[in-house]
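Work through these short exercises with the model open beside you. Try each task before you read its solution.

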Amino acid sequence: MPLAFLVAVTDLIPLIGATLGAVICIAVALFATRLWPTTVLVLVFFVVYQQIENYLIARIMRGPVQLSAGAVLAA
């Protein structure tokens with residue numbers, strides 16, 4: 001639960017927040033458990049999470065600003 005709260009707080013930081021939260025969680029998983037499978041699964045989870053989040057934000061924001069998804073991501 002504390003790590004979930006930490007990720008939620010760091011996700012509010014623009015550009016690096018989600019990555020910062022992921023790095024902290026991966027470091028905790030690496031030092032608290034074995035490398036395989038737990039740490040690798042945490043890494044895969046955060047990569048997939050960030051890809052889905054980026055895709056959804058681009059899709060949602062292109063309507064209100066009337067720009068293409070690529071332009072929204074570049075901005």
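**Exercise 1. Describe how helices H1 and H2 are arranged.**

Solution.
- Step 1. Find the two elements. Helix H1 covers residues 2–10, and helix H2 covers residues 17–32.
- Step 2. Take the axes. They come within 7 Å and cross at roughly 160 degrees.
- Step 3. Name the arrangement. Angles over 145 degrees count as roughly antiparallel, so H1 is roughly antiparallel to H2.
- Step 4. Add the hand. The crossing of H1 and H2 is right-handed.

Why these two values? Two packed helices are described by the angle between their axes and the distance between the axes. Keep in mind that this is a predicted model.

**Exercise 2. Locate Val-9 and state how far its C-alpha atom is from that of Gly-21.**

Solution.
- Step 1. Val-9 lies in helix H1.
- Step 2. Val-9 and Gly-21 are 12 residues apart along the chain.
- Step 3. In space, their C-alpha atoms are separated by 8.3 Å.
- Step 4. Check the surface. Val-9 has a relative accessible area of 40%, so Val-9 is partly exposed.

**Exercise 3. Examine the backbone at Leu-15, then decide: is Leu-15 buried or exposed?**

Solution.
- Step 1. Leu-15 sits in the loop between H1 and H2.
- Step 2. Read phi. Leu-15 has a positive value, about 70 degrees, although this residue is not a glycine.
- Step 3. Read the accessibility. Leu-15 reaches 86%. Exposed means over 50%, so Leu-15 counts as exposed.

**Exercise 4. Look into helix H3 and report on Pro-37 and Val-40.**

Solution.
- Step 1. Helix H3 spans residues 35–65. Pro-37 is found there, and Val-40 is too.
- Step 2. Check the peptide bond from Trp-36 to Pro-37. This bond is cis, with omega near 5 degrees.
- Step 3. Turn to Val-40. Its relative accessible area is 27%, so Val-40 is partly exposed.
- Step 4. Pair Val-40 with Ala-29. They are 11 residues apart in sequence and 8.9 Å apart in space, C-alpha to C-alpha.

**Exercise 5. Which residues make the nonpolar surface patch, and where does Leu-56 lie?**

Solution.
- Step 1. List the members. They are Val-44, Val-48, Ile-52, Tyr-55, Leu-56, Ile-57, Ile-60, Met-61, Val-65 and Leu-67.
- Step 2. Give the area. The patch is about 900 Å².
- Step 3. Place one member. Leu-56 is found in helix H3.
- Step 4. Judge its cover. Leu-56 has a relative accessible area of 42%, so this residue is partly exposed.

**Exercise 6. Place Gln-66, then give its distance from Val-28.**

Solution.
- Step 1. Gln-66 is in the loop between H3 and helix H4 (69–74).
- Step 2. Its relative accessibility is 70%, so Gln-66 counts as exposed.
- Step 3. Gln-66 and Val-28 are 38 residues apart in sequence. C-alpha to C-alpha, they are 41 Å apart in space.

How values were computed: Residues are numbered from 1 along each chain as its sequence is written. This is a predicted model: local features need pLDDT of at least 70, side-chain atom pairs count only at pLDDT 80 or more; totals for chains, interfaces and linings use all residues. Side-chain values use heavy atoms; hydrogens and water are left out. Patches are made of residues with over 30% relative accessible area and no salt bridge: like charges are joined within 9 Å, nonpolar side chains (Val, Leu, Ile, Met, Phe, Trp, Tyr) within 5 Å. Accessible areas come from the Shrake-Rupley method with a 1.4 Å probe; for residues, only the protein chains shown count as cover. A salt bridge is a side-chain nitrogen of Lys or Arg within 4 Å of a carboxyl oxygen of Asp or Glu. Helices (H or I, at least four residues) and strands (E, at least two) are DSSP runs, numbered from the N terminus. Buried means under 20% relative accessible area, exposed over 50%, partly exposed in between (1.4 Å probe, protein chains only). Axes are lines fitted to C-alpha atoms, for helices over the stretch in contact, and angles run from 0 to 180 degrees between N-to-C directions. Angles under 35 degrees count as roughly parallel, over 145 as roughly antiparallel, 65 to 115 as roughly perpendicular and the rest as oblique. A crossing is left-handed if the near helix is turned anticlockwise from the far one by less than a right angle, and right-handed if clockwise.
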